[in-house]
Amino acid sequence: MALALVAVRQGGRPALRCAGVGLGTGTAVVLPFALTDPAGFFRNVVAFPFGLTATDSPAGSPLPGRLLAAHVPGGTVIALALLTVGALLTGASLAVRPPGTLRAAAGRLALGLGLATALMPATRFGYLVYPLLLAALAHGAARRDSEVTGRPVERTLAR
């Protein structure tokens with residue numbers, strides 16, 4: 001979402017620079033752990049959240065992905081397919097109509113993160129606090145900016 005916002009507001013070069021910094025920072029933080037124990041890293045970071053390990057999450061969840069994985073034959077595959085569709089639709093929405101404001105980007109991020117949380121086969125209900133908080137902060141900040149400046153948020157952010 002941030003890259004789409006940077007690309008719309010500032011162009012392709014700044015977006016590529018932002019992507020490079022983000023990838024470099026993420027790689028520097030994650031790579032030591034991935035190299036120390038690659039199998040453990042994969043098991044904990046990829047396989048467990050996708051419900052692909054023999055270990056069940058101790059925290060049950062009433063979310064759709066978890067319910068599908070637990071109660072429907074082949075439910076893990078169905079949940080992962082729905083998760084993939086959700087990610088593709090979120091990506092398509094960025095390509096078709098990229099966010100032009102911080103508020104729009106934050107709202108789209110909250111929606112995508114909420115979908116991912118709801119559709120993960122091994123997730124916890126409490127993880128929904130992240131997209132809800134992001135949406136509330138974006139809405140509150142946008143309203144506060146509008147009240148302070150007396151102008152609509154879209155114009156305030158699009159300077």
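Colleague: Which residues in α4 meet which ones in α5?

Modeller: On the α4 side they are G65, L68 and A69, and they meet G75, T76, I78, A79 and L82 in α5. Bear in mind that this is a predicted model.

Colleague: What makes α4 roughly antiparallel to α5?

Modeller: Helix α4 (residues 64-71) and helix α5 (residues 75-96) pack at about 155°, with axes 6 Å apart. Angles over 145 degrees count as roughly antiparallel, so α4 gets that label against α5. The residues of this contact split into 5 nonpolar, 3 polar and no charged.

Colleague: Why are G65 and G75 not in the nonpolar group there?

Modeller: Gly counts as polar in this scheme, so G65 and G75 go with the polar residues of the contact.

Colleague: Why are α1 and α2 called roughly antiparallel?

Modeller: Helix α1 (residues 2-10) packs on helix α2 (residues 12-36) at an angle of about 155°, and their axes are 7 Å apart. With the cut-off at over 145 degrees, α1 therefore comes out as roughly antiparallel to α2. Their crossing is right-handed.

Colleague: Which residues make that contact of α1 and α2?

Modeller: L3, V6, A7 and Q10 do it from α1, and P14, A15, C18 and A19 from α2. By class, that contact has 7 nonpolar, 1 polar and no charged residues.

Colleague: How do you know that α5 and α6 are roughly antiparallel to each other?

Modeller: Their axes cross at roughly 170° and come within 9 Å. Set that angle against the limit of over 145 degrees, and α5 and α6 are therefore roughly antiparallel. From α5, A79, L82, L83, T90, S93 and L94 meet R108, G112, L115, A116 and L119 in α6.

Colleague: What makes one residue of the α5 and α6 contact charged?

Modeller: The split is 7 nonpolar, 3 polar and 1 charged. Arg counts as charged, so R108 in α6 is that residue.

Colleague: How much space lies in the largest pocket?

Modeller: About 230 Å³. It has 12 lining residues, and the closest to its centre are P49, M120, A122, T123 and Y127. Helix α6 (residues 102-119) gives the largest share of the lining, 3 residues.

Colleague: How does the lining of the largest pocket divide by class?

Modeller: There are 8 nonpolar, 3 polar and 1 charged residues. Pro, Met, Ala and Tyr count as nonpolar, so P49, M120, A122 and Y127 belong to the nonpolar class.

Notes: Residues numbered from 1 in each chain as written. Predicted model: local features only at pLDDT ≥ 70, side-chain atom pairs only at ≥ 80, totals over all residues. Heavy atoms only, no water. 1 Å grid on protein atoms, 1.4 Å probe; cavity = no way out; pocket = protein on both sides within 12 Å on 5 of 7 lines; lining within 4 Å. Points joined across faces, edges and corners; volume = space filled by probe spheres on them. Helix = DSSP H or I, 4+ residues; strand = E, 2+ residues; numbered from the N terminus. Axes fitted to C-alpha atoms, helices over the stretch in contact; angles between N-to-C directions. Parallel < 35°, antiparallel > 145°, perpendicular 65-115°, else oblique. Contact = heavy atoms within 4.5 Å. Left-handed = near helix turned anticlockwise from the far one by under 90°.
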